[in-house]
Amino acid sequence: MRNMADKKNNEERLERLMNRLAESVLELSDETVLAEVNESGTDPAQEAETTRLVLRQASKNFDSLEKRLCNLGHAIDSNDWHYVDGTYDNYCLSCGAWVSFETATGEIQGEAFDRSCLGNAYLIKRQEASR
Amino acid sequence: MTHLLSLIDTHPQLGRPNPPLIVQTPETHSTPSKRKNASPNTALVVENDESLVKFFKRCLEHEDYEATFAANSEDGLRLYRDCAAFNVVLISYSVPRENGFGIDCLGPQRHGTELAMSIREINRSQPMIIVALDYRSASEVPRPSELMDIPLLTDISNFQLRHLLAKIEIDRAMGALTDSQLVRLKRFADYRVRGLGRAARGRTGQDLLSEACLRTLIGAGSTREGRHWNKYVDFVWHLTGAMRSISNGWKRQFEAAVRRKEPEAYLIPTFPIQDAVGREYSPLSNVASGDAGPEQCLIEKDEEDRVLAMSKDDAEATQVLQGLLDGLKKDGIMSKYGLDENQYAAVVKRILKLVGANGGRKR
């Protein structure tokens, strides 16, 4: 019991410290931020470029998802992404095929990603089902 | 010189800090503040269909755009040359070259794409949208390979246009980030992940930043899912808020996995240790139950001791670190150790230098 309490305590203390340090980074002047990177032996321009690439890559991953779906003729409502446990799910408004997108890895799965839109087949099925 | 280094208290539910106080300083500050002064965006719409012109006017006004309209590609190019730059240019795929010229609906439509090519020659980075409502999917729209990266509007519904506009805004905001803002984002992400300890499950600061970006893109046209960015909010402020919320979510997921006694909660070592021949191993790899072993306590205590040891030659830094570890707030630390605002700011700077985002820890 002592170990569990200590562990929790240590974890919380470290988390608190790191979160506070993260917040304090936001309050430093531009010069200080860049100077600190310099002093740690890293080129600030290089570190900035690496970070820029991370953002660009994320944007590229999302672009490729959208373009692929668009090229296959699927109509995805961008308001209708549903988030569950790190994965976004959506479906084609025309044919009902689903697609899922994992944000951490950029991995895309689903029938909407593998085949062209079947047009109004989904609507027809829905209409038949409602009869 | 007065620095603002108030360590912000985060709101546990909103995951965003209280707005920081504004302190005048001779140094350059691009530190995030919530509100951003943004002038209305501008759009050039080249469309000859009157009903669509009305539709775009309404939609663009709703999205805070000031729109200029042209009914043919020649007028469109002239307006672009005279009034550029626009935040976005919408070009109808089947716009005529001049007024009074009929469109051969069965023939190839090329004036829209020619206009897009001309604009691209003037400004390669001009964001554009090609309106191709007569086509069911983007793959059916014939266009030169140079224009394949331009998004197509194939759906008249408002959500697609709103999403495309928001995406353009996000890309612009990302491109406009300065070196210091990018470095600040990286450091922020690294500290947040480091604070997660085991709950990071092998993720890095880059993973956190990437996820924040993706959720922003997913939330581009939506206020319900993803992380919707309001363009009147500073983009760095937005991303840091997203990172707080995501890292808190990762922690909750980890805690849930521990409660469910899922073995994978322990599979990824948080603090890799190297053996005598330099191979990394995890002392946690054999821990398979919800009861963390004594090794974990030792490792975390060790990390805490290591951080404190770094500041052993700096009495003030040790005091402030101890205060932060004990959960004291800025005012509490200042009064406990008799520090004034400037001294406190200087000590925090020294701590950041000592600890560093990855300071002294092998990953």
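**Figure 1. An open, parallel sheet of 5 strands in chain B.** In this predicted model, the strands of the sheet line up in the order 2-1-3-4-5, and the pairing is parallel. The two edges are strand 2 (65–70) and strand 5 (152–153) of chain B, each of which pairs on one side only. If you're new to sheets, here's the basic idea: strands of a sheet pair through backbone hydrogen bonds, either parallel or antiparallel.

**Figure 2. Strand 4 of chain B and its two partners.** Look at strand 4 (residues 128–131) of chain B beside strand 3 (residues 88–92): these two pair in the parallel sense over 4 bridges. Within this pairing, you'll find B:Leu90 standing opposite B:Ile129 of strand 4. Strand 4 of chain B also pairs with strand 5 of chain B, again in the parallel sense, over 2 bridges. Here B:Val131 has B:Leu153, in strand 5, as its bridge partner. So which residues of strand 4 are buried on each side? B:Met128 and B:Ile130 are buried on one side, B:Ile129 and B:Val131 on the other, and both faces of the strand are covered.

**Figure 3. B:Gln126, a residue in a loop of chain B.** Follow the chain from helix 3 (111–122) to strand 4 of chain B and you'll pass B:Gln126 in the loop between them. Is B:Gln126 buried or exposed? Its relative accessible area is 3%, and buried means under 20%, so B:Gln126 counts as buried. A polar atom of the B:Gln126 side chain sits 2.9 Å from the backbone oxygen of B:Phe86. Leaving out residues up to four places away in sequence, B:Gln126 touches B:Tyr80, B:Phe86, B:Asn87, B:Val88, B:Val89 and B:Ile119.

**Figure 4. Helix 11 of chain B, with a cap at its N-terminal end.** Helix 11 covers residues 341–355 of chain B, 15 residues in total. How far apart should its ends be? At 1.5 Å a residue the helix should span 21 Å, and the end C-alpha atoms are indeed 21 Å apart, so the two values agree. At the N-terminal end, B:Asp340 acts as a cap: one of its side-chain oxygens lies 3.1 Å from the backbone nitrogen of B:Asn342. Further along the helix, the buried residues include B:Tyr344, B:Ala345, B:Val347 and B:Val348. B:Lys349, B:Ile351, B:Leu352 and B:Val355 are buried as well.

**Figure 5. The largest nonpolar core and another one apart from it.** The largest nonpolar core has 80 residues, and A:Leu65 and A:Val99 touch the most other members. Helix 7 (residues 235–259) of chain B gives the most to this core, with 10 residues. Apart from it lies another core, this one of 23 residues. Among its members are B:Phe86, B:Val89, B:Ala116 and B:Leu152. Zoom in on A:Leu65 and set aside its neighbours within four places in sequence: what is it in contact with? A:Leu65 is in contact with A:Trp81, A:Val99, A:Phe101, A:Ile108 and A:Phe113.

**Figure 6. A:Tyr83, in strand 1 of chain A.** You'll find A:Tyr83 in strand 1 (residues 82–84) of chain A. It has a relative accessibility of 27%, which lies between the limits for buried (under 20%) and exposed (over 50%), so A:Tyr83 counts as partly exposed. Now look for A:Ser94, 11 residues away from A:Tyr83 in sequence. From C-alpha to C-alpha, A:Tyr83 and A:Ser94 are 21 Å apart in space.

**Figure 7. Chain A and chain B, each as a whole.** Step back to chain A and you'll see 5 helices and 4 strands, following the pattern α-α-α-β-β-β-β-α-α along the sequence. Chain A has 131 residues, and 50% of them count as buried. Its accessible surface comes to about 6,500 Å², with 49% belonging to carbon and sulfur atoms. Chain B has 11 helices and 7 strands. Of its 363 residues, 52% count as buried. Chain B exposes about 17,100 Å², and carbon and sulfur atoms supply 50% of that. What about contacts between residues at least 6 apart in sequence? In chain A, 32% of these join residues at least 24 apart, while in chain B the value is 65%.

Key: Residues are numbered from 1 along each chain as its sequence is written. Chains are lettered from A and ligands numbered from 1 in the order in which they are written. This is a predicted model: local features need pLDDT of at least 70, side-chain atom pairs count only at pLDDT 80 or more; totals for chains, interfaces and linings use all residues. Side-chain values use heavy atoms; hydrogens and water are left out. Buried means under 20% relative accessible area, exposed over 50%, partly exposed in between (1.4 Å probe, protein chains only). Contact means heavy atoms within 4.5 Å. Accessible areas come from the Shrake-Rupley method with a 1.4 Å probe; for residues, only the protein chains shown count as cover. The expected span of a helix is 1.5 Å times one less than its number of residues. A polar contact is a pair of N or O atoms within 3.5 Å; within protein, one must be able to donate a hydrogen and the other to accept it, and residues adjacent in sequence count only if both atoms are side-chain atoms. A nonpolar core is a set of buried Ala, Val, Leu, Ile, Met, Phe, Trp, Tyr and Cys residues joined through side-chain atoms within 4.5 Å. Two strands pair if DSSP finds at least two bridges between them.
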